[in-house]
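Student: I would like to examine this protein model step by step. May we begin with the terms that the discussion requires?

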Amino acid sequence: MNAASAAGQIPAQPAPPGGTAAGAPQRPPRAEPADVPAGPLHIGLVGPLPPPPGGMANQTVQLHGLLEQDGHQVELVQMNAPYRPAWAGRIPLLRAGVRLLPYLWRVWQTAGRVQLLHVMANSGWSWHLFSAPVIWVARLRGCPVLINYRGGEADAFLQRARAWIAPSLTRSAALLVPSGYLAAVFDRHGFNNTVIPNVINLERFSAAERQPGAKAAPSILVARHLEPIYDNQSALRAFALVLARHPGASLVVAGSGPEHEALQALAAQLGIAAAVHFTGRVSNAEMAGLYRAADIMLNPSLVDNMPNSVLEALASGVAVVSTNVGGVPYLVQHGETALLVPPADPPAMAAAMLRLLEEPALAGRLRAAGLQMVRQFTWQQVRPRLLAAYQQALANHAGQPGMHRSKA
């Protein structure tokens with residue numbers, strides 16, 4: 001049994017090229033949660049909210065709405081609430097306390113009212129400040145916690161800080177991960193986990209009908225934050241090579257971040273500034289139109305888990321070129337649903353994009369396969385798996401409050 005398939009009968013994503021993680025520990029059989037009454041639940045959902053509209057924030061908003069539509073009562077606890085007073089956000093040490101103390105008080109109150117807490121978690125200080133304390137607060141309140149870990153840098157984080165992470169994580173009721181990649185990472189570090197994939201809204205992200213020869217020039221989209229780990233510099237350098245062969249091509253860089261000015265300067269230096277449009281911050285709803293207008297979506301990231309932008313592009317009928325890092329090869333297959341290239345390799349990125357532009361039959365096959373593949377990420381497919389995890393956590397909590405065993 002591999003890490004991706006152990007979570008349920010519907011595979012969350014294909015296994016990476018070359019097979020699954022060898023020697024991954026087997027998960028113990030689950031107890032049947034028959035003693036937990038079915039029906040609407042009272043859930044505390046803890047996570048970030050836009051702005052900025054990143055993957056985890058968008059998933060928090062979406063999950064909140066979907067659970068409420070299904071009749072569950074959901075209390076939302078925002079990790080990244082605005083600083084009050086606003087000037088405190090400009091002072092590094094002060095801003096942590098100004099945000100953290102009200103946050104933990106809200107967690108304390110919510111844990112006393114709900115049946116369970118679902119926490120969107122990430123690596124680094126985000127874990128130490130906003131996820132681990134929730135487990136301990138909820139333990140004091142007798143409330144089970146499901147940790148929904150989503151950071152693409154989990155392996156490096158666990159390697160350097162497992163001794164600090166384990167005491168909290170092993171006291172959660174369940175560890176949920178969105179990809180087979182993260183399942184394999186946590187398996188290697190000795191933590192049981194369950195794969196619950198991200199949800200893609202196929203009503204929002206849908207394919208526009210493409211008319212052969214309707215567009216005079218190709219449009220390429222990059223949809224990642226403007227941060228070093230997403231390597232937008234390589235995307236610009238790759239686009240410069242594409243532009244040399246297709247002079248009318250355009251590049252849309254959809255996102256905001258600390259590298260904005262540096263990337264604009266690089267575009268000018270490369271002589272492509274007139275063909276590149278930096279949108280700034282874009283909401284998840286606004287992204288749908290950008291995907292539909294694009295011919296290719298390029299994902300140049302150096303580190304990744306289960307990028308929503310790749311799934312949203314596929315759902316929008318856009319051909320995808322992505323680096324083959326982290327969880328991406330677990331999500332798409334090279335030559336089947338996307339073209340995968342090495343990270344930090346602009347010539348390889350450009351060659352893949354040029355191949356799609358100059359081989360329309362290949363691009364069409366990738367788009368068709370991508371549209372079929374993303375159907376497994378609808379709420380109808382993910383809902384029963386998430387609710388089963390909730391019910392299992394409640395059943396386990398009834399027998400032994402607040403404990404999630406590691407394999408170590």
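Tutor: Certainly. A residue is called buried when its relative accessible area is under 20%, exposed when that area is over 50%, and partly exposed in between. Please keep in mind that this is a predicted model.

Student: With that term in hand, are Asp304 and Arg224 buried or exposed?
Tutor: The side chains of Asp304 and Arg224 meet in a salt bridge, with N and O 2.7 Å apart. This pair links distant parts of the chain, since Asp304 is in the loop between β10 and α9 and Arg224 is in the loop between β7 (219–222) and α6 (232–245). Asp304 and Arg224 are both buried.

Student: How many salt bridges does a search of the whole structure find?
Tutor: Side chains of opposite charge can pair when their charged atoms come close. A salt bridge is counted here when a side-chain nitrogen of Lys or Arg is within 4 Å of a carboxyl oxygen of Asp or Glu. By this rule, the number found in the whole structure is six.

Student: How many residues apart in sequence are the parts that Arg383 and Asp70 tie together?
Tutor: Arg383 forms a salt bridge with Asp70, and their closest N and O atoms are 2.7 Å apart. Arg383 belongs to helix α13 (residues 379–399), whereas Asp70 is in the loop between α1 and β2, so the parts tied together are separated in sequence by 313 residues.

Student: Which term describes Asp70, buried or partly exposed?
Tutor: The relative accessible area of Asp70 is 30%. Buried would require a value under 20%, and exposed a value over 50%. Asp70 is therefore partly exposed.

Student: In the salt bridge of Glu75 and Arg113, which residue is buried?
Tutor: The side chains of Glu75 and Arg113 meet with N and O 2.7 Å apart. Glu75 is in strand β2 and Arg113 in the loop between α2 and β3. Arg113 has a relative accessible area of 43% and so is partly exposed. With a value of 13%, the buried residue is Glu75.

Student: Which residue in β2 stands opposite Leu45?
Tutor: Strand β1 (residues 42–47) has six of its six residues buried. Ile43, Leu45 and Gly47 point one way from β1, and His42, Gly44 and Val46 point the other way. Six bridges join β1 to the parallel strand β2 (residues 73–78). Opposite Leu45 in β2 stands Leu76.

Student: Which residue in β3 stands opposite Gly44?
Tutor: Strand β1 also pairs in the parallel sense with strand β3 (residues 116–121), over four bridges. Within this pairing, the residue of β3 opposite Gly44 is Leu117.

Student: How many residues of helix α9 are buried?
Tutor: Helix α9 spans residues 308–315 and is mostly covered. Its buried residues include Asn308 and Glu312 as well as Val310 and Leu314. Among the elements that cover them are α1 (55–69), β11 (319–323) and α12 (360–373). Of the eight residues of α9, the number buried is eight.

Student: Which residue just after α9 takes a positive phi?
Tutor: Helix α9 covers residues 308–315. The positive phi just after this helix is about 75°, and the residue that takes it is Gly317.

Student: What is the area of the nonpolar surface patch that includes Leu94?
Tutor: Leu94 is in helix α2 (residues 92–111). Its relative accessibility of 35% means that Leu94 counts as partly exposed. Together with Trp87 and Ile91, Leu94 makes a nonpolar surface patch of about 280 Å².

How values were computed: Residues numbered from 1 in each chain as written. Predicted model: local features only at pLDDT ≥ 70, side-chain atom pairs only at ≥ 80, totals over all residues. Heavy atoms only, no water. Patch = residues over 30% accessible without salt bridge, like charges linked within 9 Å, V, L, I, M, F, W, Y side chains within 5 Å. Areas by Shrake-Rupley, 256 points an atom, 1.4 Å probe, with all protein chains shown as cover. Helix = DSSP H or I, 4+ residues; strand = E, 2+ residues; numbered from the N terminus. Buried < 20%, exposed > 50% of the residue type's maximum accessible area, 1.4 Å probe, protein only. Contact = heavy atoms within 4.5 Å. Pairing = 2+ DSSP bridges.
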